[in-house]
Amino acid sequence: LRIGFSTARCSPIMGDTEDSICFDSSGSLLFNRKQVPVTGKFLQDCTLAVVLNLDPDSPNNNTLSLFKDGRRQAPPQQLPENLQGKVLFPTLTYRNMSVHANFGPAAYVPLPFKCRTLQQAAVEDVEVVTYPSSNGKYEVLFPVGLPGEGVFDWADWFLQRNPHYAEISERMVVEWATRSGIFRQKVPGIKGSNDRPEMNFGMPHLDDGTVKQILQSAAAAQQRDLLFLEVRNNLLRDERLQALRRFRLPHFKKVAKVLVGQPNDDYLQHLHEELLKEKQEKVFAEFQQKRQEHAQLKLLEMQKKQVEWARQKAELTQKQAEGADAEAAAEEVVLGEEPKIEEDTEEHPPAVELTEEEKKCCFKKPSPDATLDLMASALSSSFASFTIPGDDEGFDEVDFSWQPREAVEDYVRRWVQEHKITTRIDDLQPSEWFREKWQRWRDDLQRWHVLHIEFKDPAKRVALMAAKAKEKEEQELAQKVEDKEQKEEEKEADQNGSKDVEMPEQKE
């Protein structure tokens with residue numbers, strides 16, 4: 001159990017970010033993933049109250065207090081600075097327990113002082129926050145983009161600019177479960193994909209996708225802007241139609257956002273900034289590594305000089321002890337002071353710029369060890385059916401903000417043709433022509449095996465050789481007869497041709 005306060009756009013996991021603060025059932029105060037013990041554990045069948053003091057005239061202004069069965073459990077806890085002055089909502093999250101929430105008008109257990117409940121709060125002390133909508137409509141956005149071409153990067157950028165959208169995807173289910181403290185087992189050799197990550201939580205409802213279906217059903221009943229992030233399914237007509245059936249309420253505006261081809265200027269500028277940032281970080285890492293290597297070499301060289309200076313100094317001291325003062329004094333002038341490590345001059349890593357080739361990139365190219373948007377098996381079984389949403393599918397709007405429909409359809413057609421050449425097709429089925437040829441080959445092979453077995457038998461071998469010799473004689477005799485008939489036909493044709501030539505001369 002976690003109970004406390006959060007902002008309107010807070011993460012669903014209490015105490016995980018700077019937008020919420022709470023007490024948990026172990027008796028700790030949680031804020032921004034930092035846990036501070038303040039009291040004992042909460043047991044079952046108890047009544048908890050969290051009091052937020054925002055009275056500027058109170059000595060405990062901007063504090064948070066926890067009460068159990070009407071008794072204070074810890075001193076007032078200071079509200080973090082980034083939460084002071086903001087609209088805060090009473091929030092609780094729980095797991096494997098039953099919780100009853102009470103917001104007034106009266107507390108179940110009286111507190112040692114007078115305090116208003118949320119239901120009794122004055123109008124000037126509260127602020128009603130609603131989700132923004134356009135003309136009473138809430139958007140359900142379906143991003144339609146090709147795998148490996150930055151759909152998830154665009155989604156991260158879009159959610160950063162539009163935090164009131166709630167993402168519905170399997171990757172968000174994984175993130176919510178992980179941040180909730182559910183252990184996720186890592187299976188060697190299985191990475192999954194961004195579209196279908198491997199769950200491996202050991203919980204049937206999470207692993208078999210039941211939680212995702214529940215979230216989709218719950219989202220379809222809410223008045224919120226949603227981002228329905230499915231790379232493969234949003235490219236398949238039948239899957240799009242099935243997803244649209246979930247959002248049939250009149251307050252939803254279903255929009256297909258086509259993200260294919262050359263991006264618009266806003267996202268392209270963001271992409272170039274990200275590419276430049278990654279390139280600068282890579283150069284900075286290389287610069288730091290070279291700088292450390294140079295410092296280590298310089299330190300080793302200085303240590304050698306110090307050892308040599310100490311050796312010479314010891315020899316000089318020995319000569320002075322032996323009485324050779326004049327010679328020792330001359331050598332001391334030459335020896336000088338002990339070598340010291342010089343401080344490095346402050347250097348800055350070289351500034352980088354994007355090349356013309358990098359500026360032409362429309363999406364980040366994944367590294368060899370990066371997680372793919374789609375597994376190879378899922379891609380090979382479905383890419384030939386990838387299509388762009390049509391006006392007859394039931395969308396209220398098909399947004400081609402990047403490129404017009406004709407250019408997008410041509411791009412997708414060429415993309416599919418290229419992948420037909422390079423992608424392994426696992427569900428490829430042979431045609432009827434191939435099956436006939438294959439059956440004929442199997443029949444011939446079986447017949448050859450039978451002949452081979454008979455040939456190994458000495459008794460049958462003699463008969464086979466005799467039959468083969470007889471067949472050969474018959475073929476030679478038939479060939480001779482055919483050759484003789486062919487020669488007679490040629491001779492007869494030559495005679496007829498000579499007569500045709502002589503007849504015109506006799507007439508003259």
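**Exercise 1. Cysteines**

Is C115 buried, partly exposed or exposed?

*Solution.*
- Step 1. Take the relative accessibility of C115, which is 39%.
- Step 2. Partly exposed runs between the limits of 20% and 50%. C115 therefore counts as partly exposed.

The model is predicted.

How many disulfides does the structure hold, and where does that leave C115?

*Solution.*
- Step 1. The number of disulfides is zero.
- Step 2. C115 is accordingly in no disulfide. The nearest cysteine sulfur belongs to C46, and it is 19 Å away.

Why is C362 not bonded to C361?

*Solution.*
- Step 1. Recall that a disulfide needs two cysteine sulfur atoms within 2.5 Å.
- Step 2. The closest cysteine sulfur to that of C362 is in C361, at 7.5 Å. That is too far for a bond.
- Step 3. Add the surroundings: C362 has a relative accessible area of 17%, so it is buried.

**Exercise 2. A charged residue without a salt bridge**

Where is D225 found, and what does its side chain reach?

*Solution.*
- Step 1. Place the residue. D225 sits in the loop that runs between α4 (210–219) and β12 (226–228).
- Step 2. Look for an opposite charge. D225 is buried but has no salt bridge. The nearest side chain of opposite charge is R224, 7.8 Å away. The cut-off for a salt bridge is 4 Å.
- Step 3. Look for another partner. The D225 side chain reaches the backbone nitrogen of E139 at 2.7 Å.

**Exercise 3. An open sheet**

What is the strand order of the open sheet of five strands, and which strands are at its edges?

*Solution.*
- Step 1. Read the order: β4-β3-β2-β1-β9, with antiparallel pairing.
- Step 2. Pick the edges. They are β4 (34–37) and β9 (89–93), and each pairs on one side only.
- Step 3. Add the twist, which averages 20° from one strand to the next.
- Step 4. Zoom in on one pair. β3 (residues 28–31) pairs with β4 over four bridges, in the antiparallel sense. In one of them, S28 has P37 of β4 as its bridge partner.

**Exercise 4. Salt bridges across the chain**

How many salt bridges are there? Which parts of the chain does the pair E170 and R196 tie together?

*Solution.*
- Step 1. The count comes to 24 salt bridges.
- Step 2. In the E170–R196 salt bridge, the closest N and O atoms are 3.4 Å apart.
- Step 3. E170 lies in helix α2 (residues 170–179), and R196 in the loop between α2 and α3 (204–207), so the pair joins parts 26 residues apart in sequence.
- Step 4. Compare the two ends. E170 is buried at 13% relative accessibility, whereas R196 is partly exposed at 30%.

Which residue forms a salt bridge with E393, and how far apart in sequence are the parts they tie together?

*Solution.*
- Step 1. The partner is R237, with closest N and O atoms 3.4 Å apart.
- Step 2. E393 is in the loop between α9 (376–382) and β14 (397–399), and R237 in helix α5 (residues 237–244), so parts 156 residues apart are tied together.
- Step 3. E393 is buried at 7% relative accessibility. R237 is partly exposed at 35%.

Where do K254 and D396 lie?

*Solution.*
- Step 1. Their side chains meet in a salt bridge of 3.9 Å, N to O.
- Step 2. K254 is in strand β13 (residues 252–258), and D396 is in the loop between α9 and β14, 142 residues apart.
- Step 3. K254 is buried, at 11% relative accessible area. D396 is partly exposed, at 46%.

Key. Residues numbered from 1 in each chain as written. Predicted model: local features only at pLDDT ≥ 70, side-chain atom pairs only at ≥ 80, totals over all residues. Heavy atoms only, no water. Buried < 20%, exposed > 50% of the residue type's maximum accessible area, 1.4 Å probe, protein only. Helix = DSSP H or I, 4+ residues; strand = E, 2+ residues; numbered from the N terminus. Lys, Arg positive; Asp, Glu negative; His and termini not counted. Polar contact = N/O pair within 3.5 Å; in protein donor to acceptor, adjacent residues only side chain to side chain. Pairing = 2+ DSSP bridges. Axes fitted to C-alpha atoms, helices over the stretch in contact; angles between N-to-C directions.
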